[in-house]
Structures are given as structure tokens and as C-alpha cells.
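This report introduces one protein structure to a reader who has not met it before. Please look at the sequence and the model before reading on.

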Amino acid sequence: MLHPSTITRSLAFASMAVGAALAVALAATTAQAFDETKYPDWSGQWRRPPGVSIQWDPTKPLGRGQQAPLTAEYQALFEASLADQAQGGQGEDARFTCIPPGMPRIMTIVWPAELVILPKITYVNFENHMPRRIYTDGRSFPTDEEPSLMGYSIGQWLDTDGDGRYDTLEVETRNLKGPRTFETTGLPMHKDNKTIVKERITLDKSNPDILLDEITTIDNALTRPWTVIKKYRRYRDFIWVENNCAEGNAHVGIGKENYMLSADGLLMPARKNQAPPDLRFFQQR
């Protein structure tokens, strides 16, 4: 007769074996479900093409040259932003504080990005920001999710040429918060944050090392949906470099004013004739 402890050990080993077998089977099923040959090859490092700056519509110059379809109210806000920047201020552009640019501005890809395609999600990893998540598992938009600068993105893969392989990712992004602008000039987005961004991402049929992102922004600061096409160039021989915006940032925000740190660490004005900050809580000399 077997000793009770021997029976217990045997049952434990059997349970472990069954668990391991189930894990292997699950892994095999998952691997089989994600057939990489059905998805496009978007590996590598993606950057803005040479000669393209950080304007929103890459075919037009920064600022007024963008000819953005702004409402009268937001055109006035934009003009005020440009005027403030001309005096050394930051205008409507809050990026000097190192907050993320948010959607859709993040897709200008100021610094290189990487796209990682997985069965239920596609990641857009940025060299200097949190990754962007595009869910492709058939979910609906949540009703209780906290808004974020990056928003909530849901995508759907398409086989547009019928060859049995996906070639296009359609994405819709909602649930955004501010402050957000289109570009560094402070080209504004509505403060109600009801922005909807629609994208159609695909490789250029004439050059597999060019990725096209057709971006349509629907925003109450605009008189109509605004569509631009961003192009990213693939680099297959690359390195990744850490880019920390806060490191070495000399901007100092106090209240609604922006000041600067001098080379010797002293507070200095950021624009001409700027008043000093309110220092009532500090001992006066």
C-alpha cells in the first residue's frame, strides 16, 4: 500500500504536468491564431523624411501657411498665440512644460517611432513618449475610461487588394483631453476636447520603405474635417537613443507665466519686459 505522502506527491506532479501541457497547448493555439504572414511588415525605425519639418500638414509651411480651416473664434486665438511667440512667449503651445503632444500631433513623429503588430493590439512606440495603443480585438469605445492626451484608439485591419493579407489599418481615436495643439505655433484645437481623429495607415505601393498615414481631424475649432497625409521613412539599420524632455529643460512655469533658467541657475524672463513672478511666500531681501 502506498504511503499517503507518496500519493499526495504523485497527485501534485500529475497536476503540474497537466498544467504544463495546457500552457503549451494554449501557447500553440495563440501562435497559430496570430499568423504573421497575414499582416504587413512594418518593422524597423520610422522617421520623418529628410527636409520635412514639424508642421502639421507637411506640404505647407508652419503657422499661417498651414491655412487651417479654423473658426473665427479659434483663428483669433491662433493669432494671439503667434503674437505672444513673437514677443518670446510660448503662446498656445504647452509643450515647453514637457507634457506629451497628444493626438493627433504625436503622429508628426518628431523623434523616431516603432510599430509593433500583435494579434489584438498594435503599439506605436515613440522614442520620447509613452507608447500609443491601437486595439484591434473588436472592442467598442469604453464609457468610463479616463480621458488622456493620447486618447483611446480602436483599429480594424483591411485587405484592400484581396490578396489574403492585411495591408491597411483603419483607426479611430476618441476620449481625449487637453491642452493639445496641431504644432509648435500653437495652432489650436477646441478646448471642449471632443476631437475625433481618423487614420488610414498603409505602405506606399511604390516604395515599401515609406509608410503613409492619412489623418482626418474632426474638431469643433475647425469649420470642416481637416485631412493631411503624413509620410514616414523606414530605416532598417538604426539605434534607439533615450530622449528625456525634462532633462535639461530650462523652462519654468509659474502660474500662467513661463520663465527661463539662466546658465548659472537663476530665474530670468522669457520675453521682453516680462514682469517678475509673485514671490510673496518667500523671504524678501
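Is leucine 267 buried, partly exposed or exposed, and why? Leucine 267 counts as partly exposed because its relative accessibility is 42%, and the range between under 20% for buried and over 50% for exposed is what that class covers. The model examined here is a predicted one.

**Overall fold**

The protein chain holds two helices and 12 strands. Read from the N terminus, its elements follow the order α-β-α-β-β-β-β-β-β-β-β-β-β-β. Of the 285 residues in the protein chain, 36% are buried.

**A nonpolar surface patch**

Leucine 267 lies in strand 12, which spans residues 267–269. On the surface, Leu267 joins Ile254 and Leu261 in a nonpolar patch. Together these three residues present about 230 Å² of accessible area.

**Pocket and cavity**

Rolling a probe the size of a water molecule over the atoms shows where empty space is left. The largest pocket encloses about 470 Å³ of space. It is lined by 30 residues, and those closest to its centre are Gly91, Glu92, Asp93, Ala94 and Pro179. Three elements give two or more residues to this lining: helix 2 (72–86), strand 10 (251–254) and strand 11 (257–261). By class, the lining of the largest pocket is made up of 10 nonpolar, 10 polar and 10 charged residues.

The count of cavities of 30 Å³ or more comes to one. The largest cavity contains about 40 Å³ of space. Its lining consists of Met107, Ile109, Leu115, Val124, Ile201, Leu211, Asp213 and Tyr232. Seven of these lining residues are nonpolar, none is polar and one is charged.

**Backbone features**

Several backbone features deserve attention, beginning with cis peptide bonds. One such bond joins methionine 103 to proline 104, with omega at about 5 degrees. Proline 104 sits in the loop between helix 2 and strand 2 (113–117). Another cis peptide bond links glycine 178 and proline 179, where omega is also about 5 degrees. Proline 179 belongs to the loop between strand 6 (168–174) and strand 7 (196–204). As noted for the largest pocket, Pro179 is among the lining residues closest to the centre.

Positive phi values in residues other than glycine form a further topic. Asparagine 175 has a phi of about 60 degrees, and its place is the loop between strand 6 and strand 7. Asparagine 193 has a phi near 55 degrees and is likewise found in the loop between strand 6 and strand 7. The following table gives the phi value of each asparagine.

| Residue | Phi |
|---|---|
| Asparagine 175 | about 60 degrees |
| Asparagine 193 | near 55 degrees |

Are these two asparagines buried, partly exposed or exposed? Asparagine 175 counts as partly exposed because its relative accessibility is 26%. Asparagine 193 also counts as partly exposed, since its relative accessibility is 22%. Both values are to be read against the cut-off for buried residues, which is under 20%.

Conventions:
Residues numbered from 1 in each chain as written. Predicted model: local features only at pLDDT ≥ 70, side-chain atom pairs only at ≥ 80, totals over all residues. Heavy atoms only, no water. Patch = residues over 30% accessible without salt bridge, like charges linked within 9 Å, V, L, I, M, F, W, Y side chains within 5 Å. Areas by Shrake-Rupley, 256 points an atom, 1.4 Å probe, with all protein chains shown as cover. Salt bridge = Lys/Arg side-chain N within 4 Å of Asp/Glu carboxyl O. Helix = DSSP H or I, 4+ residues; strand = E, 2+ residues; numbered from the N terminus. Buried < 20%, exposed > 50% of the residue type's maximum accessible area, 1.4 Å probe, protein only. 1 Å grid on protein atoms, 1.4 Å probe; cavity = no way out; pocket = protein on both sides within 12 Å on 5 of 7 lines; lining within 4 Å. Points joined across faces, edges and corners; volume = space filled by probe spheres on them. Nonpolar A, V, L, I, M, F, W, Y, C, P; charged D, E, K, R; others polar.
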